[in-house]
Amino acid sequence: SGAGALACLSELVPTDLSHLAVDHAVYTVFLNEQGGIRDDLIIYRRPEGYLLVVNAGNRIKDWEWITGHLPSDAQAADNSDHSCLLALQGPLAFQVLADVGAVVSGAPGVGSPADIPHFACAEGVVAGIPTLLMHTGYTGEDGVEIMVHQERAEELWDALLAAGPSGTVLPCGLGARDTLRLEAALPLHGHDIDETTLPFEARLSRIVHLEKGHFIGREALAAAHAAGPRRLLVGLAAEGRSLLRHGDGIVLGGEAVGHVTSGSFSPVLQRPIALGYVPPSHAEVGMELEVESRGRLLKARIVPRPFYKRGVTPLPPEA
């Protein structure tokens, strides 16, 4: 927050935030000087400043990065210990919110949580508990993230689990969360993106605005943009039921050409899927490749991303 908040964030991310409206959000990344991705995050513009939601595992590293670049006319606070973020995801998410009497306050033109625009947020009350409702989602389905004070998080959790007929709302662990984001081909920091990954390689060109002026890593990204990417993130589908795993080598004509960054068995598609990096010359959809996994060569091909889109499954289940 503060007079220097926008200038500070504009130095830290490659995305132009100058036109971000109040209560709207943008997906972006922190970069190092080489243009590599330190972390990915969502920035919400709020009336009092900017709210940053980062990966919990990178909390300390990100906090040190932000405060290390904080100007004298800006202030920062880490509210992690006082906040809880529950993700209510899936096609019934807004029906569940209606069932627990969720309402929105102080958002012109927004009558209910279902009216919150995508990548926007609004103050609200859920099951009688004050919250901030965020309509972003990172699962390929619709839904909201509900930010609540940590003292009332368990109360909210219990209210959501009790909503609707038995089995409507179920707790979801990180394993299931991982297959959801993989089916939607959404990158996971530490696997598909890291400090050696340039946004162009991860198909994140949309968040890089070189024209906005200086930011950390801009010179490296400008040079990389002029030269073209060394590698590209692709979707992979394997034949049969064998899993493709993080770190498996991608092979073409007996030569190693890349590696798998994320892989799992897709519950929706009932087949193994993966993300990985290959040179641009090998990144065309339909290209046949092999993946070296646990001493075996598995047949695979490059397929469109995402593997799943709400209501659509571009990749048919394995016969």
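Begin by selecting I250, which stands opposite V291 in β13; strands here are DSSP runs of E with at least two residues, and helices are runs of H or I with at least four, both numbered from the N terminus. The model is a predicted one, in which local features need pLDDT of at least 70, side-chain atom pairs count only at pLDDT 80 or more, and totals for chains, interfaces and linings use all residues. Residues are numbered from 1 along each chain as its sequence is written, while side-chain values use heavy atoms and leave out hydrogens and water.

Now widen the selection to strand β10 (residues 249-252), which is joined to β13 by 3 bridges and runs antiparallel to it; two strands pair if DSSP finds at least two bridges between them.

Next, select β13 (residues 288-293) together with β14, and you will find 6 bridges between these antiparallel strands, with A300 in β14 as the bridge partner of L289. In their hairpin, which has 2 residues between the strands, look for R294, which takes a positive phi near 50 degrees.

From β14 (residues 296-303), move to strand β9 (residues 232-238), since the next stop is this antiparallel pair with its 4 bridges, where A237 has R301 in β14 as its bridge partner.

Then show the whole closed barrel, whose 6 strands run β9-β12-β11-β10-β13-β14 with antiparallel pairing. Neighbouring strands of this sheet are turned by 45 degrees against each other on average, direction ignored, where axes are lines fitted to C-alpha atoms (for helices, over the stretch in contact) and angles run from 0 to 180 degrees between N-to-C directions.

Finally, select helix α5 (residues 174-183), which lies across β11 (255-266) and β12 (271-278) and runs at about 120 degrees to β11; contact means heavy atoms within 4.5 Å.
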